[in-house]
Amino acid sequence: MTARIFCIANQKGGVGKTTTAVNLAAGLAAQGQRTLLVDLDPQGNATMGSGIDKRQLARSVYQVLLGASTARAAIVHSESGGYDLLPANRELAGAEVELVEFDDRERRLKQALDAVAADYDFVLIDCPPSLSLLTINGLCCAHGVIIPMQCEYFALEGLTDLVNTIKRVHANLNPRLKIIGLLRVMYDPRMTLQQQVSAQLEAHFGDKVFRTIIPRNVRLAEAPSYGVPGVAYDRSAKGAQAYLAFGAEMVERMKSL
Ligand code: ATP
Ligand code: MG
């Protein structure tokens, strides 16, 4: 059985993609799932949040995309997260331009990950806040997409572009791709608007909305500065508990996929 591969994607910035990727990876690892986290964002936030210094990388996903390194040679282990990491730093910003020369530019990451997928139960890909060639590379690898979103008035607007991109990749490049679910993050139950948007999401998207809701929780925001996933930084905090529950929900959902 080869790995289940998921993109954490939303082209809107700052919606909790990296926090979700890092904490889901750590939550899955804590359940004994062999997990690889791929940082596909030149910001390198998932790398730093996993306790790996992005300024000191011998190899990164950038070399892997350009064929200058195998995935296996570039993968490191996150001690604080308990998972493996294919790291990134700002070099990756150049890949966008350099990849254009390759005929198989959309499938570079897939080809590289095919060689290691059998070593893992889960591969999670933290996408950048754009619908760029990097994100397309992520979508070409994946069985599914997890979309973190805040329950705000404009949250659904950006979703149309993402959904259209996913449809396009599904039709042209990766027929197995589907949306696994929308994950409500940074949720504040005291805000009436958030309650309303949350209820609308459930009404409109039904099963495609994860049961688990991630609350706004300062411990999750503090953790990256220590290079530790929130679920390991303060396991008893509400945010950590929610991400652990989300990990369990994902494992459960996989049984029916
Ligand atoms: P980008 O689009 O830049 O990659 P992103 O979608 O990956 O951003 P994050 O970096 O995960 O978003 O989160 C944005 C900010 O919100 C960070 O400072 C993070 O610590 C904080 N944050 C994320 N989730 C929560 C939460 N549940 N509670 C409190 N703060 C949070
Ligand atoms: Mg991010």
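# Exercises on a predicted protein model

Phe-102 sits in the loop that joins helix 5 (95-98) to helix 6 (108-114); helices (H or I, at least four residues) and strands (E, at least two) are DSSP runs, numbered from the N terminus. This is a predicted model, in which local features need pLDDT of at least 70 and side-chain atom pairs count only at pLDDT 80 or more, while totals for chains, interfaces and linings use all residues. Residues are numbered from 1 along each chain as its sequence is written, chains are lettered from A and ligands numbered from 1 in the order in which they are written, and side-chain values use heavy atoms, with hydrogens and water left out.

## Exercise 1: Phe-102

Task: Describe the exposure of Phe-102 and list its contacts beyond four places in sequence.

Solution. Step 1: the classes are buried (under 20% relative accessible area), exposed (over 50%) and partly exposed (in between), with a 1.4 Å probe and protein chains only. Step 2: Phe-102 has a relative accessible area of 24%, so it is partly exposed. Step 3: contact means heavy atoms within 4.5 Å. Phe-102 touches Leu-66 and Arg-108 when residues up to four places away are not counted. Step 4: Leu-66 is 36 residues from Phe-102 along the chain, and their C-alpha atoms are separated by 8.9 Å.

## Exercise 2: The overall form

Task: Test the radius of gyration of the protein against the globule rule.

Solution. Step 1: the radius is taken over C-alpha atoms, and the rule is 2.2 Å times the number of residues to the power 0.38. Step 2: for 257 residues a compact globule would have a radius near 18 Å; the protein has 17 Å, which agrees. Step 3: the C-alpha trace spans about 50 × 40 × 35 Å along its principal axes. Step 4: the secondary structure amounts to 12 helices and 8 strands. Step 5: of the 257 residues, 54% are buried. Among contacts with a separation of 6 or more, 78% are between residues 24 or more positions apart.

## Exercise 3: Two 18-residue helices

Task: Compare the spans of helix 8 and helix 12 with expectation.

Solution. Step 1: the expected span is 1.5 Å times one less than the number of residues. Step 2: helix 8 (residues 155-172) has 18 residues and should span 26 Å; its end C-alpha atoms are 27 Å apart, which agrees. Step 3: helix 12 (residues 238-255), also with 18 residues, reaches 26 Å from its first C-alpha to its last, close to the expected 26 Å. Step 4: the buried residues of helix 8 are Ala-155, Leu-159, Leu-162, Thr-165, Ile-166 and Val-169. They pack against helix 7 (133-141), strand 6 (144-149), strand 7 (178-187) and helix 9 (192-205). Step 5: buried residues of helix 12 include Gly-239, Tyr-243, Phe-246 and Glu-249.

## Exercise 4: Helix 7

Task: Why is helix 7 described as largely enclosed?

Solution. Step 1: the buried residues of helix 7 run from Leu-133 to Cys-141, among them Asn-137 and Gly-138. Step 2: 9 of the 9 residues are buried, so helix 7 is largely enclosed by the rest of the structure.

## Exercise 5: Ala-25 and Val-64

Task: Place Ala-25 and Val-64, and give the exposure of each.

Solution. Step 1: Ala-25 is in helix 1 (residues 17-30) and is buried at a relative accessible area of 0%. Step 2: beyond four places in sequence, Ala-25 touches Thr-20, Thr-35, Leu-37, Tyr-83 and Leu-124. Step 3: Val-64 is in helix 3 (residues 61-66) and is buried at 4%. Step 4: the contacts of Val-64 beyond four places include Ser-69, Ala-74, Leu-86 and Ala-112. The C-alpha atoms of Val-64 and Leu-86, 22 residues apart in sequence, are 9.3 Å apart.

## Exercise 6: Arg-216 and Met-186

Task: Which residues does Arg-216 touch, leaving out those up to four places away in sequence?

Solution. Step 1: Arg-216 lies in the loop between strand 8 (209-215) and helix 10 (218-222). Step 2: its relative accessibility is 52%, so Arg-216 counts as exposed. Step 3: Arg-216 touches Gln-150, Met-186 and Tyr-187. Step 4: Met-186 belongs to strand 7 and is partly exposed at 21%. Met-186 has a positive phi of about 50 degrees although it is not a glycine. Step 5: Arg-216 and Gly-239 are 23 residues apart in sequence and 7.0 Å apart in space, C-alpha to C-alpha.
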